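Got a viewer open? Here are a few exercises to work through, each with its solution underneath.

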Amino acid sequence: MIDAIPFKTRARTIDHLGREQIADCPTAISELWKNAYDAYARNVRLDIFNGPEPVTVISDDGHGMSLEEIREKWLVVGTESKTSKLSTPSKDRNGLAIRPRQGQKGIGRLSCGYLGSLLLLVSKRKNFDYSVVLVDWRLFENPFLLLQDIQIPIATFTKKEDILPALDKMRDHLMSNIWGNNDDETRSLRIQEAWAQFTQLEESDDNSKKLGFKTTQQELEETIISNSFSEHHFKKFPVWNGRHSSGTALLVSALDDSLENILRRDEDSISKQTHKIFFETLTGFADPFVKKNNAEDQKLTEFNYSASSWDGETQDILVGPRKEFSLEDLLHLEHIIDGRVDANGVFRGRVKSFGNWLEGEITIDLQEKNILGKRIDTRLGPFDIFIATAEWELMSTTHTKEELGKIQSMAKLYAGFMIYRDSLRVMPYGRPDNDFFEIEQRRSKRAGTEFWNHRRMFGKVAISKSLNPNLRDKAGREGLVDNRAAKTLKDIVTNILMESARRFFGSSSDIRKATLPLLQKAHKEVRLAEQNKKLRAQQRKKFNANLGRFLRDISRDYEDLRVLEDKIATPPELNTTEIVDEYREHLQGIRNRLGKYTLGSAPKKLGTKEEDYKDFRYLKSKCQNISSELTVILNTAVEKLNPKSGKEIAYSDLQRQARFIHQRTGLWNKKIQKLLEHESSRISEFVSERNKALHKEFLPVLDDVESGRIELAKALAQIEDRREKLDWENEEIFDPYISTLECLQERIDLSGVAVSAAEEAADLLSQLNNLNELAQLGITVELVGHELETFDTTIGDGLNRLDEKSKSSSAYSQIKHSYEGLSDRLRFLSPLKLSGDRNRTWLSGKEIYSYVEDFFSTALKGYNINLTATSSFLNFKVYDLPSRILPVFLNLVNNSIYWVNQTEENRRITLGVCEDKIVIGDSGPGVHETDQPRLFTLFFSKKIRDGRGVGLYLCRANLAASGHRIEYITNKKSSIEEGANFAITFKGGIYGDL
């Protein structure tokens, strides 16, 4: 006899298909977000609310579900809606493009059970009532309960305000799955017996002896009877707050431990690890690598997601737009692979290596490796691939220190090699504990050759369901089904990684071999430049501080010397040995202090400190002169009084000088010893810190190995990486330090050398910039001069052709006057042109004087400056190019005008002759002796404003071209004015009557 009987399904089946098939809580959330994506939501969010009974809410603004859809689809496991080929009607797509379905087996909704036990589902379809379901997933943990005996309460409501008050009745219906009811006594008896058996089974377990143990039935009764949900939990649901007309909310209480750990804000390892896994899984849920200019990509990713925890009104954003990255954040990285692999396994795309995009389309052909499947059910379709990374050591990267720091910080959060299907992430690829493409395993064997590092790369493989139907998720969402297509994908991507490392990025790459030495040299130069800049700033700060202090002190010493000078000059002050010795002691103290006022080399640009520096040099010079004169007077007085023998006096003086030297060397020794002790202590502490850094770097790796979080091969690779990094850092720190000590041992003034080199480099750079400006100015003068000549001729001709009536008008007079002024200026500009006719001629002193006087007539009159020329100058003549000689006098007189204007009265500039030399002198302050050696160097200027430092340099250059010479006069006998005096020796110059 043959019977036909149906399968009996236990309630536990739902638990097997749902919660037990999901890897972890974040993966469950991602499955529910995919459901929102399939419901054509634009926004989905997760909110975890703290409170006496924490509640998690997943809400979206998708098309929602009607009561019938919940009955026929949501409550039917394995429904055909997830596998249907029919597209979603346009009225349900909220204006969005058609989306490939993400769900595959119709069990994604059962992921709710991983979030927590009690679920309240509220869904609203446009123009339909609210549909509400209440279910506790622990009902399905009872192995003695039949699935058909469980009844889920479901209801509809027109107004949202009616939902929460009706939950009491829905909880009563839900409790009938534990206690039974009067509607069906047979079912009630089966239910009661099933729970009795389950309770007996649980109480027989050893865990029942633990403090606080509760059976599943007790937990269910407490949870269902208590009121977990409130109006507060609906505040972010778009339908509830009126922002959208359709959507679904899943409210969950009796939360999973991982969600409760998210709410904890302490720093224990469990909470931190939970946050880490949560972030790593849900960040990048929708493809962040999409191109903004790709319309198709944008259609697929018009989907926003976020996760937040709430403590009262305080929000902590866990995942969201502000905690994401985009393709734009990666395109500036120095190493990039971006392209597509076709159905034959050939990669075509573009490659960037060390910051430069390689020319043409790059191809990586893997057909010869024979890794493609032949059968239709195993074949792999085309897919996209994008990878970006950077060199991790500053000496090897094309990025700046700041850029590399940002990249490394970003890598800590977002690095990983992910897989996306139709723009949504396939779990668990990209998480640190998943290395599907075995990147770290290969790297542990040959780190340099293999190059790629899973935690230092940002990348994706993008597949589609339509082109790659053989790539399917495992039931538990723990990756792709391990079939031939998945193996082919792994082989192709692995080979692309290996081939690209060898050709473009790794230690065997020709590009690396050619680029790395240049980069390392450039970074070394940058580092030295930064150190020089720092040293210059330090020296400038020290100079300015000392200048201010020394100026105050030397001002007092100057007044003190003047008082002493008056006393010594007043007879009969030097008539006793005691008075002379007292004055000599007093004077020696001042001279000792003057010796300490050493500023060292002044910065090239003093700015506002220029006047202070000028005053300091003046006072120091005056003090030195006065002290020298007083020393001679006092020494003479000592000799006249002669109370002791000459030897005794000299010996006494020697002792006084020796005390000063001993005091100074003692102070220096004390300071040096203090610095050496401090440095010795600092270096010892620093060495200890660097050794501790080694253990700090290595211990987490050992912990990961011990706990089984990473494989030994990966750990060894990480240890090698970190050892190299630490060794490089230590070398960068200690080698320069040792080199510095060795230089000190050789008595090399490192500070002086560095400052001098830095100043010289800064000078050269400044000169280069100024030369460029000067060249541009010269070209501009040439062009403008040429144009002005044309306009001058045209305007002059036009004015001459006007009739007499027009010429008699006031307008004509104004135009003619302005034209003559411009024409006059053009006449001055013409001799200075760079090109054109260049004829030598006899140029007299009278012509030079007239030219200069006319050119500066306005300035001379405005500043009340008297420009004169001696008869000897007026009778002087030289045979040369006017364009070579006239600019010299313009520059010299222009400088004199500036400096003479700094004086209050008797402002004079004189052109004269002295000892067969032309002399240009003024009544200004003159040039300080410390500045005289640099007077004729390019770009040296003491003008606070508008000083280019070009004029005197060009004067010397212009004159030298014809064998003439210019110098600054320091001998008062050769000067014709009390201020600055410049002498020009003209080769072939004639002095006398014309």
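The exercises below go from the whole chain down to single residues and pairs of elements.

**Exercise 1. Get an overview of the fold.**

Keep in mind that you're looking at a predicted model. Start with secondary structure: the protein has 27 helices and 23 strands. Next, burial: of its 994 residues, 43% are buried. Finally, look at contacts with a separation of 6 or more: 72% of them join residues 24 or more positions apart.

**Exercise 2. Find the largest nonpolar core and pick out its best-connected residues.**

The largest nonpolar core holds 96 residues. Those with the most contacts inside this core are Ile29, Trp33, Ile58, Leu115, Leu120, Phe278 and Phe458. Now ask which element gives the most to the core: that's helix α2 (residues 25-38), with 7 residues. Then zoom in on Ile29. Skipping residues up to four places away in sequence, Ile29 touches Leu46, Ile58, Leu115, Leu259, Phe278 and Leu282. Apart from the 96-residue core there's another one, of 36 residues, including Leu843, Val852, Ala980 and Phe982.

**Exercise 3. Decide whether Thr389 is buried or exposed, and work out what surrounds it.**

First place the residue: Thr389 sits in strand β13 (residues 383-389). Its relative accessibility is 3%, and the cut-off for buried is under 20%, so Thr389 counts as buried. Then list the surroundings: leaving out neighbours within four places in sequence, Thr389 contacts Leu333, Glu334, His335, Phe451, Trp452, Arg456 and Met457. Last, check the polar side chain: one of its polar atoms lies 2.6 Å from the backbone oxygen of Arg456.

**Exercise 4. Sort the residues of strand β22 by face, then find the strand it pairs with.**

Take β22 (residues 965-968) one face at a time: Ile966 and Tyr968 are on the covered face, while Arg965 and Glu967 are on the uncovered one. For pairing, β22 runs antiparallel to strand β23 (residues 981-985), over 4 bridges. Across from Tyr968 you'll find Phe982 of β23. Phe982 also turned up in exercise 2, among the residues of the 36-residue core.

**Exercise 5. Describe how helices α6 and α7 pack.**

A packed helix pair is described by the angle and the distance between the two axes. For α6 (residues 185-203) and α7 (residues 216-225), the axes come within 9 Å and cross at roughly 115°. Next, who touches whom? From α6 come Trp195, Phe198, Thr199 and Glu202, and from α7 come Thr216, Gln217 and Leu220. Sort these by type and you get 3 nonpolar, 3 polar and 1 charged.

Methods:
Residues numbered from 1 in each chain as written. Predicted model: local features only at pLDDT ≥ 70, side-chain atom pairs only at ≥ 80, totals over all residues. Heavy atoms only, no water. Core = buried A, V, L, I, M, F, W, Y, C linked by side-chain atoms within 4.5 Å. Buried < 20%, exposed > 50% of the residue type's maximum accessible area, 1.4 Å probe, protein only. Helix = DSSP H or I, 4+ residues; strand = E, 2+ residues; numbered from the N terminus. Contact = heavy atoms within 4.5 Å. Polar contact = N/O pair within 3.5 Å; in protein donor to acceptor, adjacent residues only side chain to side chain. Pairing = 2+ DSSP bridges. Axes fitted to C-alpha atoms, helices over the stretch in contact; angles between N-to-C directions. Nonpolar A, V, L, I, M, F, W, Y, C, P; charged D, E, K, R; others polar.
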